[in-house]
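I am opening a notebook page on this structure. I want to look up a few residues and write down what I find.

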Amino acid sequence: MIKYLKKGKSVEAKAEINAQVRTTVENIIADIEARGEAAVREYSEKFDKWNPPALRLSAEEIQACIDSLSPQALEDIKFAQAQIRRFAQVQLLSLRDVEVETLPGVVLGHKNIPVNSVGCYIPGGKYPLLASAHMSVLTAKVAGVKRVIACAPPFDGKPSPEIVAAMALAGADEIYVMGGVQGVAAMAIGTENIAPVDMIVGPGNAYVAEAKRQLFGRVGIDLFAGPTETMVICDDTVDAELVAVDLLGQAEHGPTSPAFCVTTSRRIAEELPAAIETVLARLDTAPIASVSWRDYGEIILCDTDEEMLAESERICSEHVQVMTKDPDWFLERMSSYGGLFLGHRTNVSYGDKVIGTNHTLPTMGAGRYTGGLWVGKFIKTHTYQLILTDEASVAIGEVCSRLCALEHFSGHKEQADIRVRRLKKTA
């Protein structure tokens with residue numbers, strides 16, 4: 001039997017928050033559509049206290065950010081990017097163009113073509129999340145995107161040197177200091193000084209996620225990515241302190257980040273509240289993580305692995321960390337999640353920062369129908385067809401004509417008939 005020992009906020013409370021976010025985002029996007037960069041600057045001033053002479057950083061400003069970092073910081077950024085680049089390149093090899101002759105004289109195929117331009121949003125208001133630059137800018141470049149622009153909000157009243165360096169080293173063609181909805185909208189819609197892009201990618205808070213949702217269609221998006229969600233599936237092979245650390249390590253992202261403990265261990269379920277308080281006492285981010293856990297943390301006690309699996313599939317969390325005696329059992333059976341972290345030796349932080357997989361993952365249940373950001377998200381698969389002989393065109397055309405007649409599409413039918421009439425004489 002599944003027992004919910006601690007529940008998060010109700011669906012109704014979340015829906016009310018979502019409605020407020022939706023209205024705010026609609027108004028900001030409409031204003032930027034109407035007034036362009038003037039509106040972007042006003043929102044930057046309002047939300048980020050930022051209104052510089054130019055929103056785009058110059059080459060000199062970018063180099064100054066890079067030069068301000070220590071050799072160790074630069075080495076670590078380059079190490080992380082090497083891991084992410086290597087895995088993205090391997091993923092790219094899994095995509096291939098195809099061509100096949102399906103009937104004599106009928107050739108069908110598809111080509112994988114990179115998106116022409118991408119805008120990458122890098123969160124950075126609360127924390128300078130430089131890892132998101134690796135995940136979006138670098139992966140787009142590996143995919144072959146010609147123009148990759150990136151933006152992030154200021155951090156502590158200035159461009160974050162860490163984020164800017166990561167963007168530049170990843171290969172960004174243009175770097176802007178803009179945050180939130182206004183940054184996403186400026187890249188998608190364009191302004192007097194920013195050419196619009198074809199696609200927007202990157203994680204963010206609820207406002208950024210809603211902006212991507214509202215702009216989808218005008219531009220492509222990667223997926224809904226934010227706010228962060230995490231789940232730990234565990235049994236008695238681990239202890240409550242480790243579970244608490246792994247839950248709070250993601251809850252610190254923001255005060256609305258859900259964190260779920262799904263366990264068959266009554267000991268962990270009972271000890272976890274006290275362990276949470278113990279771990280919070282040593283975290284500088286406790287003021288945020290504690291609110292997130294208080295409002296959105298859940299403890300779910302199950303009798304069996306099958307029940308834990310069912311809860312995981314129901315919740316469909318962005319991050320799912322499995323610390324059980326047989327994590328492969330879950331790997332073989334799970335179908336709804338963002339990213340999976342198997343065993344006690346790994347954790348979500350490794351995936352977020354350095355191990356090589358992409359940390360931009362589906363949230364809000366989107367893992368039911370999409371995976372996370374990867375090199376393939378920047379690739380469009382386009383089909384083509386070629387008929388080599390008159391005989392093949394006639395054979396296809398005669399069937400096509402009859403099918404069009406069944407649908408009462410006379411124009412479609414005539415497209416087939418004219419070729420049958422002309423080519424049948426020579427076939």
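Is Glu-318 buried or exposed? I looked up its relative accessible area and got 5%. The cut-off for buried is under 20%, so Glu-318 is buried. I keep in mind that this is a predicted model.

**Entry: the annotated pair**

I started with Glu-318 because of its burial at 5%, and then checked the record. UniProt, in an unreviewed entry, lists Glu-318 and His-319 under "active site". I note that such annotations may be inferred rather than shown by experiment.

I placed Glu-318 in the loop between helix H12 (305–315) and strand E12 (319–323). I then listed its contacts, leaving out residues up to four places away in sequence. Glu-318 touches Pro-227, Thr-228 and Glu-229. It also touches Tyr-337, Gly-338 and Gly-339. His-359, Leu-361, Pro-362 and Thr-363 complete the list for Glu-318.

His-319 sits in strand E12. I found a relative accessible area of 1% there, so His-319 is buried. Beyond four places in sequence, the contacts of His-319 include Thr-228, Glu-229, Thr-230 and Met-231. Gln-250, Gly-339, Phe-341, Val-348, Asp-352 and Leu-361 are also in contact with His-319. I looked for a polar partner too. A polar atom of the His-319 side chain lies 2.7 Å from the backbone oxygen of Glu-229.

**Entry: Ala-225**

Next I went to Ala-225. I found it in the loop between strand E8 (220–221) and strand E9 (230–234). Its relative accessible area is 4%, so I count Ala-225 as buried. Outside its neighbours within four places, Ala-225 is in contact with Gly-202, Pro-203, Gly-204 and Lys-212. Thr-360, Leu-361 and Thr-363 are also in contact with Ala-225. I took one C-alpha distance as well. Ala-225 and Asp-198 are 27 residues apart along the chain, and their C-alpha atoms are separated by 18 Å.

**Entry: Arg-147**

Where is Arg-147 placed? I found it in strand E5 (residues 147–152). I checked its burial next. Arg-147 has 17% relative accessibility, so it counts as buried. Its side chain makes a polar contact with the side chain of Glu-174, at 2.8 Å. Residues touching Arg-147, beyond four places in sequence, include Asn-116, Ser-117, Val-118 and Asp-173. Ile-194, Ala-195, Pro-196 and Val-197 also touch Arg-147.

**Entry: nonpolar cores**

I recalled that in soluble globular proteins nonpolar side chains tend to be buried together. I looked for that here. The largest nonpolar core has 70 residues. Which of them touch the most other members? I got Ile-32, Val-118, Cys-120, Met-167, Met-178, Met-187 and Phe-378. A second, separate core has 24 residues, among them Ala-240, Ala-244, Leu-247 and Leu-272.

I followed up on Met-167. With neighbours within four places left aside, Met-167 is in contact with Ile-122, Ala-133, Val-137 and Ala-150. Cys-151, Ala-152, Ala-172 and Ile-175 are also in contact with Met-167.

**Entry: positive phi**

Last, I checked backbone angles. Asp-156 is not a glycine, yet its phi is positive, about 55°. I placed Asp-156 in the loop between E5 and helix H6 (161–170). At 68% relative accessibility, Asp-156 counts as exposed. Met-364 also has a positive phi, near 55°. I found Met-364 in the loop between helix H14 (348–353) and strand E14 (379–387).

Methods. Residues are numbered from 1 along each chain as its sequence is written. This is a predicted model: local features need pLDDT of at least 70, side-chain atom pairs count only at pLDDT 80 or more; totals for chains, interfaces and linings use all residues. Side-chain values use heavy atoms; hydrogens and water are left out. Helices (H or I, at least four residues) and strands (E, at least two) are DSSP runs, numbered from the N terminus. Buried means under 20% relative accessible area, exposed over 50%, partly exposed in between (1.4 Å probe, protein chains only). A polar contact is a pair of N or O atoms within 3.5 Å; within protein, one must be able to donate a hydrogen and the other to accept it, and residues adjacent in sequence count only if both atoms are side-chain atoms. Contact means heavy atoms within 4.5 Å. A nonpolar core is a set of buried Ala, Val, Leu, Ile, Met, Phe, Trp, Tyr and Cys residues joined through side-chain atoms within 4.5 Å.
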